Amino acid sequence: MAVQTPSSNQIDGKKIAEELRARVGSAVKSLPQHPTLAVVLVGDDPASQVYVRSKIKFTQECGMRSVERRLPENASQDEVVATVRALNEDTEIDGILVQLPLPKGLDSDAVIEEIDPSKDVDGLTETSAGRLLLGKTGLRPCTPTGCVILAKAALGDLTGKNCVVLGRSILVGKPAALLFLEQNCTVTIAHSRTKDLAAICREADILVPAVGRAEMVQSDWIKEGACVIDVGINRVPNPAKPGKTKLVGDVDFPSAEKVAGAITPVPGGVGPMTIACLLRNTVLAACHRRGWETPDIIASL
Ligand SMILES: Nc1nc2c(c(=O)[nH]1)N[C@@H](CN(C=O)c1ccc(C(=O)N[C@@H](CCC(=O)O)C(=O)O)cc1)CN2
């Protein structure tokens with residue numbers, strides 16, 4: 001059987017995430033006490049259950065404690081808010097995340113806003129978002145941080161690079177744009193109403209598609225040699241296995257990898273970095289809350 005090896009321009013997100021988790025593990029060993037992450041899962045969404053399991057597994061592998069709060073699909077807004085408030089009050093808890101999406105009928109923005117900003121390891125509260133906008137220190141959203149780490153792994157210093165972020169969501173697009181700006185990139189945010197999307201994307205030294213549309217970005221949208229960080233995770237029918245599905249990104253990978261200088265695959269690109277960055281944030285939150293010095297090994301990206 002032929003063994004598939006990643007082509008040389010592939011950015012190996014799995015390996016880079018593994019290295020970051022190892023650094024987080026070393027950082028934890030140097031702390032006076034083990035940080036604790038609390039994960040809130042509401043309902044039975046199968047993908048959310050998988051992500052939460054991974055978050056808990058890797059938290060423990062890094063030497064941290066995790067607590068899980070599960071609520072039923074029909075939990076009320078008040079019950080979810082009460083769960084978050086109890087975790088805010090618990091001095092043993094360093095980080096809180098509410099797995100998204102929440103079931104229909106719940107107001108996720110209001111739930112997220114209940115999280116004590118000092119424990120906001122997803123970096124999604126208004127305080128965290130405001131601090132990012134103002135260029136102040138704080139907890140940064142995980143997927144966008146992962147994108148920056150992957151781009152730096154491929155290109156080194158990002159100063160002066162043209163970065164095009166495709167998508168303007170609160171979870172990824174907007175914070176990613178600000179984080180690339182923080183790296184001294186010249187940033188463009190493009191979206192569904194942008195005129196001549198393909199031409200804008202072709203200007204990018206770093207292209208970050210985050211729209212959730214399977215294989216939308218074709219190779220002729222990509223400048224020769226550009227770095228492509230594909231945030232999309234889309235489940236589509238698998239033509240090779242009728243009745244089954246497969247994961248693809250927002251980029252048509254087979255054609256794009258022939259043009260890109262560096263490109264993340266899906267799976268195995270940005271996804272694993274999301275969890276590794278969450279673990280890093282948990283240590284950062286614990287250090288900040290408890291007045292410990294942040295270990296150098298995880299201090300910078
Ligand atoms: N509270 C949050 N909710 C959600 C976030 C988030 O950052 N915070 N992001 C996504 C889901 N997510 C983490 O929660 C996540 C998505 C994907 C992966 C990942 O490693 N994906 C693998 C493929 C996994 C598979 O086979 O399905 C990959 O890309 O290689 C990790 C975490 C929405 N909700």
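This passage describes an annotated span, a sheet and a nonpolar core in a predicted model.

According to the UniProt record, an unreviewed entry, residues 11-122 carry the annotation "domain: Tetrahydrofolate dehydrogenase/cyclohydrolase catalytic". In the model, the C-alpha atoms at the two ends of residues 11-122 are 24 Å apart, and the span consists of 46% helix and 16% strand.

Further along the chain, five strands form an open sheet in the order β5-β4-β6-β7-β10, and their pairing is parallel. The edges of this sheet are formed by β5 (186-190) and β10 (262-263), each of which pairs on one side only. In general, the strands of a sheet pair through backbone hydrogen bonds, and the pairing may be parallel or antiparallel. Within the sheet, strand β6 (residues 206-209) is joined to strand β7 (residues 227-228) in the parallel sense over two bridges, and the residue of β7 that serves as bridge partner of L207 is V228.

The largest nonpolar core of the model contains 83 residues, and the members that touch the most other members are L150, V165, F180, I206, V208, V228 and I229. Helix α10 (residues 270-290) contributes 11 residues, the most given to this core. Because both domain 1 (33-117) and domain 2 (142-271) give residues to the core, it lies between them. The surroundings of F180 can be described in more detail: when residues up to four places away in sequence are not counted, F180 touches V148, L158, C163, V165, C185, V187 and I206. As a general tendency, nonpolar side chains in soluble globular proteins are buried together.

Notes. Residues numbered from 1 in each chain as written. Predicted model: local features only at pLDDT ≥ 70, side-chain atom pairs only at ≥ 80, totals over all residues. UniProt positions renumbered as here; feature names shortened; annotations may be inferred. Helix = DSSP H or I, 4+ residues; strand = E, 2+ residues; numbered from the N terminus. Pairing = 2+ DSSP bridges. Core = buried A, V, L, I, M, F, W, Y, C linked by C-beta atoms within 7 Å. Buried ≥ 20, exposed ≤ 12 C-beta atoms within 10 Å, placed from the backbone. Domains from an automatic or database assignment. Contact = placed C-beta atoms within 7 Å.
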